[in-house]
Amino acid sequence: MWIVNEEGRKVFRHGLEAYTAAAQEAQACPVFREDVEDEWVTDEVRSCYNCRYRRWTADSFQCQGTSL
């Protein structure tokens, strides 16, 4: 599910519209924390797209979680 970029950060390999994959990954993530509701992208609360530790890129997002 992830690619490690040149900065050593994990980038979600499925991009911006892989809602099922993002929800499945968040279910297994021990550091997931939901972002404020105004920042949610999907109605599925537990999704990487709604995590406070994600940082958007042009094509996807980077995971900023500490225990990855």
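**Exercise 1. Decide whether Cys 51 is buried or exposed, then place it in the fold.**

Step 1. Start with the accessibility: Cys 51 has a relative accessible area of 7%, so it counts as buried. The cut-off you need here is under 20%. Keep in mind that we're working with a predicted model.

Step 2. Now find its element. Cys 51 sits in the loop between H1 and S3.

Step 3. Look at who it touches. Once you drop neighbours within four places in sequence, Cys 51 is in contact with Phe 32, Arg 33 and Asp 35.

Step 4. Finish with a distance check. Gly 15 is 36 residues away from Cys 51 along the chain, and their C-alpha atoms are separated by 15 Å.

**Exercise 2. Work out which side chains meet in a salt bridge, and what the pair ties together.**

Step 1. Count first: the structure holds 1 salt bridge.

Step 2. Pick out the partners. They're Asp 35 and Arg 54, whose side chains meet at 3.0 Å, N to O.

Step 3. Map them onto the chain. Asp 35 belongs to the loop between H1 and S3, while Arg 54 is in strand S3, so the bridge ties together parts that are 19 residues apart in sequence.

Step 4. Check the burial of each partner. Asp 35 has 16% relative accessibility, so it counts as buried. Arg 54 comes in at 5%, so it's buried too.

**Exercise 3. Find out which residues of the largest nonpolar core touch the most other members, and which element supplies the largest share.**

Step 1. The largest nonpolar core has 14 residues, and the ones touching the most other members are Trp 2, Phe 12, Cys 48, Tyr 49 and Phe 61.

Step 2. Turn to the elements. Helix H1 (19-27) and strand S4 (61-63) each supply at least two residues of this core. H1 has the largest share, with 3 residues.

Step 3. Zoom in on the helix. Ala 21, Ala 22, Ala 23 and Ala 26 are buried in H1, and strand S2 (10-12) is among the things covering the buried residues of that helix.

Step 4. Take Tyr 49 as a closer case. This residue lies in the loop between H1 and S3, and its relative accessible area is 0%, so it's buried. A polar atom of the Tyr 49 side chain lies 3.3 Å from the backbone nitrogen of Glu 17. Tyr 49 and Asp 35, one of the salt-bridge partners, are 14 residues apart in sequence and 9.1 Å apart in space, C-alpha to C-alpha.

**Exercise 4. Figure out which residues Ser 47 touches.**

Step 1. Locate it: Ser 47 is found in the loop between H1 and S3.

Step 2. Grab the accessibility. With a relative accessible area of 1%, Ser 47 is buried.

Step 3. Leave out residues up to four places away in sequence, and the contacts are Ala 22, Ala 23, Ala 26, Phe 32 and Thr 42.

Step 4. Cross-check against the helix: Ala 22, Ala 23 and Ala 26 are among the buried residues of H1.

**Exercise 5. Identify the residues that make a nonpolar surface patch of about 370 Å².**

Step 1. The patch is made by Leu 16, Tyr 19, Val 41 and Trp 56.

Step 2. Follow up on Trp 56, which is placed in strand S3 (residues 54-56).

Step 3. Classify Trp 56: at 40% relative accessibility, it counts as partly exposed. Residues in a patch need over 30%, so the value for Trp 56 fits.

Technical notes
Residues are numbered from 1 along each chain as its sequence is written. This is a predicted model: local features need pLDDT of at least 70, side-chain atom pairs count only at pLDDT 80 or more; totals for chains, interfaces and linings use all residues. Side-chain values use heavy atoms; hydrogens and water are left out. Patches are made of residues with over 30% relative accessible area and no salt bridge: like charges are joined within 9 Å, nonpolar side chains (Val, Leu, Ile, Met, Phe, Trp, Tyr) within 5 Å. Accessible areas come from the Shrake-Rupley method with a 1.4 Å probe; for residues, only the protein chains shown count as cover. A salt bridge is a side-chain nitrogen of Lys or Arg within 4 Å of a carboxyl oxygen of Asp or Glu. Helices (H or I, at least four residues) and strands (E, at least two) are DSSP runs, numbered from the N terminus. Buried means under 20% relative accessible area, exposed over 50%, partly exposed in between (1.4 Å probe, protein chains only). A nonpolar core is a set of buried Ala, Val, Leu, Ile, Met, Phe, Trp, Tyr and Cys residues joined through side-chain atoms within 4.5 Å. Contact means heavy atoms within 4.5 Å. A polar contact is a pair of N or O atoms within 3.5 Å; within protein, one must be able to donate a hydrogen and the other to accept it, and residues adjacent in sequence count only if both atoms are side-chain atoms.
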